[in-house]
Amino acid sequence: MRIQVSGKHIDIGDALRNHVEEKLLETLGKYAGRPTEAVVTFSKDRHEFVSEASVHLSSGLKVQAKAHANDVYDSFDGAAERMEKQLRRYKRRLKDHHHNRENPIASYDAPTYILDGGADQTEETEPETLQPLIVAETQTKVPSLSVGEAVMQMELAGAQFLVFRNDANGGVNVVYHRDDGNVGWVDPRNLS
């Protein structure tokens, strides 16, 4: 497994790098099977250290966690603990997922747009057109998953929603966290 440890405007020493590698290998060895790549980034936010960890699993799923603490080691330990909790919750399904799936998770390229929020406009001014101003355009991957796998991926990544191609019908679907604590599923296929 390839582990990349870096810092944004902070130096990462060998002791911290070794701590991260040992903790990740221990945690992932118990729950994840064969992870392929891990990226851990440290940054400073005012008086706290922020640790962001992202691990790509061999099944194609991705686990992410983030934590804040006054000590850099504590911030990573918090992120590792959150990651371990997520993996523990889905341990059986992660192992079954890899064996039950005939083909690896396919991903499709899709354009991603960042739109201007209009912060410089006041309420009195009305836009000339309803066409949004595109600030940037990038590419993203849309995975092809079952609904259950999509919910698991959304929760492992700590995301509020996930756009995916439904394996059952080939349509583009969305799963999301609802305000009432449940998970919503949007399937816009034509039922008529």
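Which residue forms a salt bridge with Glu37, and how far apart are the closest N and O atoms? In this predicted model, the partner of Glu37 is Arg2, and the closest N and O atoms of the pair are 3.0 Å apart. Because Glu37 lies in strand S2 (residues 35–45) and Arg2 in strand S1 (residues 2–7), the salt bridge ties together parts that are 35 residues apart in sequence. Glu37 has a relative accessible area of 21% and is therefore partly exposed, the limit for a buried residue being under 20%. Arg2 is likewise assigned to the partly exposed class, with a relative accessible area of 48%; the exposed class begins over 50%.

Side chains of opposite charge can pair when their charged atoms come close. The count of salt bridges in the model comes to four, and the pair of Glu37 and Arg2 is one of them. A further salt bridge is formed by Asp109 and Lys141, with 2.8 Å between the closest N and O atoms. This pair links distant parts of the chain, Asp109 being located in strand S5 and Lys141 in strand S6 (residues 134–145), at a separation of 32 residues. Both Asp109 and Lys141 are exposed. Arg178 and Asp180 also form a salt bridge, in which the closest N and O atoms are 3.0 Å apart. Arg178 counts as partly exposed, since its relative accessibility is 40%. Asp180 is placed in the partly exposed class because its relative accessibility is 46%.

Strand S5, which holds Asp109, spans residues 107–115 and also includes Leu115. Together with Tyr113 and Ile134, Leu115 makes a nonpolar surface patch of about 290 Å². The relative accessibility of Leu115 is 47%, so this residue counts as partly exposed. Membership of such a patch requires over 30% relative accessible area, a condition that the 47% of Leu115 meets.

A buried acidic residue was also examined, namely Glu84. Glu84 is situated in helix H2, which covers residues 72–89. Its relative accessibility is 15%, and Glu84 therefore counts as buried, given that the class applies under 20%. When neighbours within four places in sequence are left aside, Glu84 is in contact with Thr27, Lys30 and Tyr31.

Methods: Residues are numbered from 1 along each chain as its sequence is written. This is a predicted model: local features need pLDDT of at least 70, side-chain atom pairs count only at pLDDT 80 or more; totals for chains, interfaces and linings use all residues. Side-chain values use heavy atoms; hydrogens and water are left out. Patches are made of residues with over 30% relative accessible area and no salt bridge: like charges are joined within 9 Å, nonpolar side chains (Val, Leu, Ile, Met, Phe, Trp, Tyr) within 5 Å. Accessible areas come from the Shrake-Rupley method with a 1.4 Å probe; for residues, only the protein chains shown count as cover. A salt bridge is a side-chain nitrogen of Lys or Arg within 4 Å of a carboxyl oxygen of Asp or Glu. Helices (H or I, at least four residues) and strands (E, at least two) are DSSP runs, numbered from the N terminus. Buried means under 20% relative accessible area, exposed over 50%, partly exposed in between (1.4 Å probe, protein chains only). Contact means heavy atoms within 4.5 Å.
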